[in-house]
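This report walks through a few features of one protein model, going from its open and enclosed spaces to its helices and then to some unusual points of the backbone. Please keep the sequence and the structure in view while reading.

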Amino acid sequence: MTLATSTCADVPTRPNIIYLMADDQNVGSVGCYGNTEVSTPNMDQLARDGMVFDRHYNTTSICMASRSNVFTGMYEYKTGTNFGHGNMRPDVWAKSYPVLLRESGYLTAFAGKFGIEVDNKGLCEQDFDMWGGGPGQTDYRTARNPSMAKYAKEYPHSTLSYAAFGQDVIREAVKQSKPFCLSISFKAPHRPVTPDPKFDHVYAGKSFTKPANFGREAGAHLAPQSKQGRQYPRFIEWEYDTDYDGVMAKYYQLIYAIDVALGTIRAELESQGVADNTVIIYTSDNGYICGSHGYGSKVLPMEESSRAPLMIYDPRHSSAGKQFRSNALTGNIDFAPTILELAGVPVPENVDGVSLLPLLDDPTSDVREQMAFINVFPPAPTTSLTCLTKDWKYTYWWYGDAEMKPTEELFHLAQDPFEMSNLAGDPEAAASLELMRKKYDDELERWKQQAVPYNDYVRYGTLFDRTIPVADKQFKRVRANGKENE
């Protein structure tokens with residue numbers, strides 16, 4: 001692949017690229033994924049115009065690590081970036097898609113929750129032509145986000161302010177006759193639960209159908225390790241058990257505002273005459289459990305947490321408007337190589353992801369046989385490594401103490417999408433268990449060979465090794481009071 005130049009003659013052949021990412025949005029929150037009780041008209045239209053990906057996963061389901069995966073196309077143990085581990089190194093960031101696209105002549109812009117910091121560079125504002133990003137979790141109050149404060153009077157809630165930023169980027173790129181890459185990371189629907197009151201009417205008084213795996217009884221078969229983190233008590237603390245309709249109404253209302261923002265951005269593309277040469281990618285940094293199996297939040301490898309919506313629309317492609325869906329196994333590590341290929345920019349050799357563009361050519365094809373899901377966010381018992389294929393999911397819960405032993409989970413996702421039957425101890429699934437163990441070992445071996453030698457990633461190569469007895473592993477054990485002890 002040759003590096004495209006930034007001359008005016010290249011502009012018509014180099015597409016504009018818009019990457020839109022929600023925060024904590026699961027697949028059950030979008031109409032095109034089968035929920036008839038929600039209102040997501042613009043997301044559904046994007047799905048009809050483009051392609052829907054039904055088996056899309058975030059290879060780490062927490063914002064800091066997930067965003068690092070997205071920027072670089074690498075697994076977490078190669079980005080070296082997550083809460084409690086450390087910031088990204090400059091040499092890793094130097095090969096991120098925003099940096100590479102700007103070097104190749106794109107006007108680059110970012111707004112919203114940047115989610116990471118780079119050593120000696122902070123939020124990397126200087127690496128974008130237009131900046132509306134912010135540190136940490138940012139704020140739903142637009143006026144509290146310094147880079148977005150100029151939009152606060154007209155759009156006091158941040159979600160719609162990001163749409164206004166997007167309009168400005170599109171106009172500026174057209175003015176300069178440059179291809180652009182616009183990345184927006186919405187805060188919504190991340191907590192705190194403060195939806196835009198402008199949309200209070202959308203779900204007022206409505207009730208919602210609970211998922212088939214809702215509640216504590218539907219989680220009794222899951223590994224005890226998964227119940228040791230904050231995800232388990234949040235089922236009660238966040239009132240999924242007592243006020244499901246009220247909690248979900250606000251969650252969906254936050255997402256509704258993103259849907260409005262998407263519609264605003266698409267309308268601006270049409271107004272500026274560049275819609276036919278603009279690729280739109282819509283997704284979320286992770287899923288959200290919302291009471292399934294009696295848990296809340298994210299992080300864990302269950303489907304509701306690890307999967308996320310993904311729609312890609314390339315108006316130049318023959319697949320546009322044909323309402324194709326892909327069942328291929330895809331991940332957030334695939335965004336960087338996909339965006340780079342769209343722009344005609346060489347993909348760095350060290351990436352773990354692959355371009356998803358072949359799936360637009362043939363939605364029945366696949367881009368990989370297996371993929372890893374990672375959690376190294378504390379506490380120790382919930383940390384784990386998972387191996388995914390199109391049909392199976394295998395997790396090795398390595399942690400053990402006086403109250404629990406290392407545990408295996410094996411789910412046949414093709415037959416059991418709600419993960420209600422752990423087949424790890426089923427004799428009839430013995431051959432599949434052994435196959436998934438081998439695939440898991442392959443993923444772990446890559447970890448051991450490729451993990452960065454900093455930010456506490458190397459030791460997980462031992463902790464996650466299912467062939468090493470837990471008694472031979474050095475780690476912090478969790479006492480009954482919830483504290484960790486050597």
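Helix α8 gives the most to the lining of the largest pocket, with three residues, in a model that, it should be said at once, is predicted. Helix α9 (303-306) also takes part, since α8 and α9 each supply at least two residues of this lining. In total, 32 residues line the largest pocket, and those nearest its centre are Val27, Gly28, Pro211, Glu304 and Phe418. The space in this pocket comes to about 720 Å³, and its lining is made up of 15 nonpolar, eight polar and nine charged residues.

Besides this pocket, a search of the whole structure finds three cavities of 30 Å³ or more. The largest cavity has a volume of about 90 Å³, and the residues that line it are Leu222, Ser226, Pro301, Met302, Lys393, Thr395, Trp397, Glu409, Phe411 and Glu419. Two strands, β13 (392-397) and β14 (407-412), are the elements that give two or more residues to this lining, and the largest share, three residues, comes from β13. By type, the lining of the largest cavity divides into five nonpolar, two polar and three charged residues.

Helix α8 appears again in a contact with another helix. How do the axes of helix α1 and helix α8 cross? The axes of α1 (residues 41-49) and α8 (residues 244-271) come within 7 Å and cross at roughly 55°, and the two helices are therefore oblique to each other. On the α1 side the contact involves Pro41, Asn42, Met43, Gln45, Leu46 and Asp49, which meet Ile255, Ile258, Asp259, Val260, Leu262, Gly263 and Arg266 in α8. Taken together, the residues of this contact are seven nonpolar, three polar and three charged.

Two other helices can be described by how far they are covered. In helix α2 (residues 63-72), 10 of the 10 residues are buried, so this helix is largely enclosed by the rest of the structure. The buried residues of α2 are Cys63, Met64, Ala65, Ser66, Arg67, Ser68, Asn69, Val70, Phe71 and Thr72, a list that includes Arg67 along with Phe71. Helix α10 (residues 335-343) is likewise largely enclosed by the rest of the structure, because eight of its nine residues are buried. In α10 the buried residues are Phe335, Ala336, Pro337, Thr338, Ile339, Leu340, Leu342 and Ala343.

A glycine with a positive phi comes after each of these helices: glycine 73 just after α2, with a phi of about 75°, and glycine 344 after α10, with a phi near 75°. Positive phi values are also found at residues that are not glycine, and two of them are set side by side below.

| Residue | Phi | Loop | Relative accessibility |
|---|---|---|---|
| Aspartate 24 | about 80° | between β1 (16-22) and α1 | 1%, buried |
| Serine 177 | about 55° | between α6 (158-176) and β6 | 42%, partly exposed |

Aspartate 24 counts as buried because its relative accessibility is 1%, whereas serine 177, with a relative accessible area of 42%, is partly exposed.

The backbone also contains cis peptide bonds. One of them runs from alanine 188 to proline 189, with omega near -5°, and proline 189 lies in the loop between β6 (180-185) and α7 (234-237). Another joins proline 378 and proline 379, where omega is about 10°, and proline 379 lies in the loop between β11 (371-375) and β12 (384-388).

The loop between β6 and α7 is also the place of serine 207. Is serine 207 buried or exposed? Serine 207 is exposed, with a relative accessible area of 51%. Leaving aside residues up to four places away in sequence, serine 207 touches Glu37 and Asp245. The C-alpha atoms of serine 207 and tyrosine 244 are separated by 8.4 Å, although these two residues are 37 residues apart along the chain.

Technical notes: Residues are numbered from 1 along each chain as its sequence is written. This is a predicted model: local features need pLDDT of at least 70, side-chain atom pairs count only at pLDDT 80 or more; totals for chains, interfaces and linings use all residues. Side-chain values use heavy atoms; hydrogens and water are left out. Axes are lines fitted to C-alpha atoms, for helices over the stretch in contact, and angles run from 0 to 180 degrees between N-to-C directions. Helices (H or I, at least four residues) and strands (E, at least two) are DSSP runs, numbered from the N terminus. Angles under 35 degrees count as roughly parallel, over 145 as roughly antiparallel, 65 to 115 as roughly perpendicular and the rest as oblique. Contact means heavy atoms within 4.5 Å. Ala, Val, Leu, Ile, Met, Phe, Trp, Tyr, Cys and Pro count as nonpolar, Asp, Glu, Lys and Arg as charged, and the others, Gly among them, as polar. Buried means under 20% relative accessible area, exposed over 50%, partly exposed in between (1.4 Å probe, protein chains only). On a 1 Å grid over the protein atoms alone, a cavity is a set of points where a 1.4 Å probe fits but cannot get out, and a pocket is an open set with protein on both sides within 12 Å along at least five of seven lines; lining residues have an atom within 4 Å of a point. Grid points are joined across faces, edges and corners, and a volume is the space filled by probe spheres set on the points.
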